[in-house]
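Me: I'm new to this one, so could you pick a part and walk me through it slowly? A helix and its surroundings would suit me, along with the loop that leads up to it.

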Amino acid sequence: MFAFLLLISVLLTYFIIRNHIRRSRAFAKDLPEVAPEKSFLGINYTLLNLDHEERFELVNKLFLQHDHLFRMTLGSMLVLGVSHPDLVQKVLSDPDCLEKPYFYKFIKFDQGILHAKLKLWKSQRKALNPTFNLRILHGFLPIFEKCSLKLVDELGKCKDGETVNMFKYTSRCTLEMVCGTTLGSDVLERDGKDTFLESLEELLECITRRMLHIHLYSDLVYMLTPYYWRERNARKQSKLFTNKILQEKKEAKRLSVPAPPLDSDPEEDDFKKPQIFIDQLLTTSHSSRPFTDEEIFHNAFVIMAAGNDTSGLATAYACLFLAMYPHLQEKVYTEIMEHCPTEDVAINGESLKRLEYTEMFLKEVLRHCPVASNIARKCIKDIVVDEVRIPAENLFIFSFWAMHRRKDMWGPDAEMFDPDNFLPERCRNRNPNAYMPFSAGARNCIGERYAKISIKVMVVYILRRFKLHTKLKHEEMRYKLGITLRLSTDHSVQLERRIIA
């Protein structure tokens, strides 16, 4: 009798929950649906047995197959896929869609600008926006050049004709750039940076695995897996390196900052002398509250990780495409030698501006390989998208990788690599929302301009020293689904020293 009553209770609970879910999803009943290939009791586990590469191909295929708004389930979650550029722009620009979904909490640096809760993010973004203005970024050019020179010197130690994993070198260079600019710390010869980069790779891999496996969402279940301990060790190593830099910076600031003149206006002084990222974190502003120690650490780590991934990965991809298309490499090299021919003459904002074809080439690299290729948002209030009223707390997913390959936006040859896609006449006739390599809206990438400048400087230095070759074909490139766009193989590039007359 007890077993019978228990069975009835379980079935009744199941049907109540199922009916509640059905009612909460009624708004999406007319949207195109992606039917799960594998499911049980309404739970979609199609992605469960796929590897990262297969997941990437499946998810992005779904976005390429749908023109506007569509629905699917990941595990038991309803997810709304947004694929049309105008709808993507609308959602990302909506003030009620600035919150990030709960699975971003697995990153755990929730006091930093990357995925802080909306209220905290707004105050931090307002305080940190001035640290990425163009005047400050152009002031970083000597540091970008110093780090890029170290990069090509390291590459120069390789044998002529040797094949290297370019990301191994560009990631180290961008870490040095970030520490030397936004964190004001020189790590060119610092012990521990390689360990930090290895730990960062391991940490991102563990976080990605947890995000993509619903059964690992439970803290209790996750703690019983070896991935928990790998992640814990990676966090510990990353934190040691970051904390050491922060402590050094705090001590240097304590010893060197003079008392302000009695008649000074702090806000006016801040305007005249804009502060770099770390100085803004460590300074108590008269117009806003100070950052807590936890916020300072989280933001410092985030800027190191994001700066390394964005600039380092994009430069590695740029080197691959330069190697794949020798005729394009020659055009970029010719332009560089015209405007930035030698390491003896410093690069400035004006000389970078003259590298117009190089700019087009790098834009095409980011069209094919946007570093944050898939992102998600949550609406905190009801919103209307594509004439559908979507209740609060629903989840949106966007694929910039797929959007950048839409044939209705980029033409029948959208899969081809063609820097001429960014000729002024082509851009005029294209939907302006079709290109979002750094996301869009208020919560876009704060370091977009920083990344573009640092990538361009690295490419200038690399091409002045080396011709690049690769055996990898464009059509053979395969990617892994994750927080950032990673190749399933190394960024393998063969180096040939240039003979300069």
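Reply: Let's begin with the loop, where lysine 108 sits between helix H3 (85-93) and H4. Helices here are DSSP runs of H or I with at least four residues, and strands are E runs of at least two, numbered from the N terminus. This is a predicted model, in which local features need pLDDT of at least 70, side-chain atom pairs count only at pLDDT 80 or more, and totals for chains, interfaces and linings use all residues. Residues are numbered from 1 along each chain as its sequence is written, and side-chain values use heavy atoms, leaving out hydrogens and water.

Back to the loop: lysine 108 has a phi near 75 degrees, which is positive even though the residue is not a glycine. Most residues other than glycine have a negative phi. As for its surroundings, lysine 108 is partly exposed, with a relative accessible area of 40%. Buried would mean under 20% relative accessible area and exposed over 50%, with partly exposed in between (1.4 Å probe, protein chains only).

Now follow the chain into H4, which covers residues 118-128. Its buried residues are Leu118, Leu120, Trp121, Gln124, Arg125, Ala127 and Leu128. In an α-helix there are 3.6 residues a turn, so residues three or four places apart point the same way. And what lies over the buried residues of H4? Helix H12 (277-282) and helix H13 (293-324) are among the elements that cover them, where contact means heavy atoms within 4.5 Å.
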